[in-house]
Amino acid sequence: MSDRWQEMAVFVRVANTGSLTRAARELKLSQPSVSRIVGTLEARLGTTLLLRTTRSISLTDAGALYLDRAKRLLAEMEEAEQATRGVDSLHGVIRLAMPVAYGTRAVIPVLPTFLARHSDLKVELVMSDARQNLITDGVDLAIRINVGPLDGSGFGVRKLALVERLVMAAPAYLVAHGMPATPSDLAKHDCILQHGSFGGESWRFTHNKTVTSVDVQPRFWINSAPGVLAATVAGLGIALGTRVMAGEELRTGQLTQLLQPYRLDPAEVYAVLPAGPRPSAKVRAILDHLAASIGAMTSG
């Protein structure tokens, strides 16, 4: 039975990393050993779980089904062991996904105190402004930002914080193009948009209980929040962002907040957990830490 647990654990690590070599390095095994273990598992099951090419590894339908079940079994085994050892002995790796700018400025700064309390834990950060598939990417916990409630679509969702949204521009841009006095003035300005981000090309403001939606004219589209921030600081246009994302640049005068009497709905920060069994003790521990730390830092 121990061999089956090893096969399962090795397969899950290969599927999560998408690489035999990386899985071998993380498991402290040789690459041929990892390949042999996966091959033995496939032979025993009588089906192909992974499609291998010289450049990539992908799951077959059978592999995706086995991965889901295997992760549940491994999580339950870990939960049983953690319950026996106690919370002070949390160990292993937590794979945490998050947007780049928010992760850099809000999440990473609160991790040292958590890791100091749990010396046997390791955290693998997956930082991208594209939303990961929690199952196929092997993510234990994802931080996502949305305007309004987030549809969990069967996943576990926990709201962590509210983050102020604002409109901003560099002083040099405002000197060259003028300061918008009302939201409708934005239609005359160059605007910077992030692909797939909240707001899109229609920005919604509230002032004295009156709601105004403005269709902005984007001149630049960028696929990451740090790119939007850099383009705005460079004077390329007006952008919509969050206080967390641009707080330092606003404090130092690199950016100016615009249309302050007009309120944008805040962004909501959520933790998303893969569907399935109750999260492991280590995932619950980091989730509780983030809820307390991020909530205290970015709410309001």
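Which strands does helix 5 lie across, and at about what angle does helix 5 run to strand 3? The legends below take up this question and the surroundings of the helix in a predicted model.

**View 1. Helix 5 lies across five strands.** Helix 5, residues 100-107, lies across strand 3 (92-98), strand 4, strand 5 (141-146), strand 6 and strand 15. Relative to strand 3, helix 5 runs at about 120°.

**View 2. Five strands form an open sheet with mixed pairing.** The order of the strands in this sheet is 4-3-5-15-6. Because strand 4 (121-127) and strand 6 (156-163) stand at the edges and have a single partner strand each, one side of each is left without a neighbour in the sheet. From one strand to the next, the twist averages 20°.

**View 3. Strand 6 pairs with strand 15 in the antiparallel sense.** The pairing of strand 6 with strand 15, which covers residues 267-273, extends over seven bridges. Val157 stands opposite Val272 in strand 15.

**View 4. Helix 5 packs with helix 9.** The axes of helix 5 and helix 9 (residues 243-251) are 8 Å apart, and the two helices pack at an angle of about 70°. Angles of 65 to 115 degrees count as roughly perpendicular, and helix 5 is therefore roughly perpendicular to helix 9. On the side of helix 5, the contact involves Ala101, Tyr102, Arg105 and Ala106, which meet Val244, Met245, Ala246, Gly247, Glu248 and Glu249 in helix 9. The residues of this contact of helix 5 with helix 9 divide into six nonpolar, one polar and three charged.

Technical notes:
Residues numbered from 1 in each chain as written. Predicted model: local features only at pLDDT ≥ 70, side-chain atom pairs only at ≥ 80, totals over all residues. Heavy atoms only, no water. Pairing = 2+ DSSP bridges. Helix = DSSP H or I, 4+ residues; strand = E, 2+ residues; numbered from the N terminus. Axes fitted to C-alpha atoms, helices over the stretch in contact; angles between N-to-C directions. Contact = heavy atoms within 4.5 Å. Parallel < 35°, antiparallel > 145°, perpendicular 65-115°, else oblique. Nonpolar A, V, L, I, M, F, W, Y, C, P; charged D, E, K, R; others polar.
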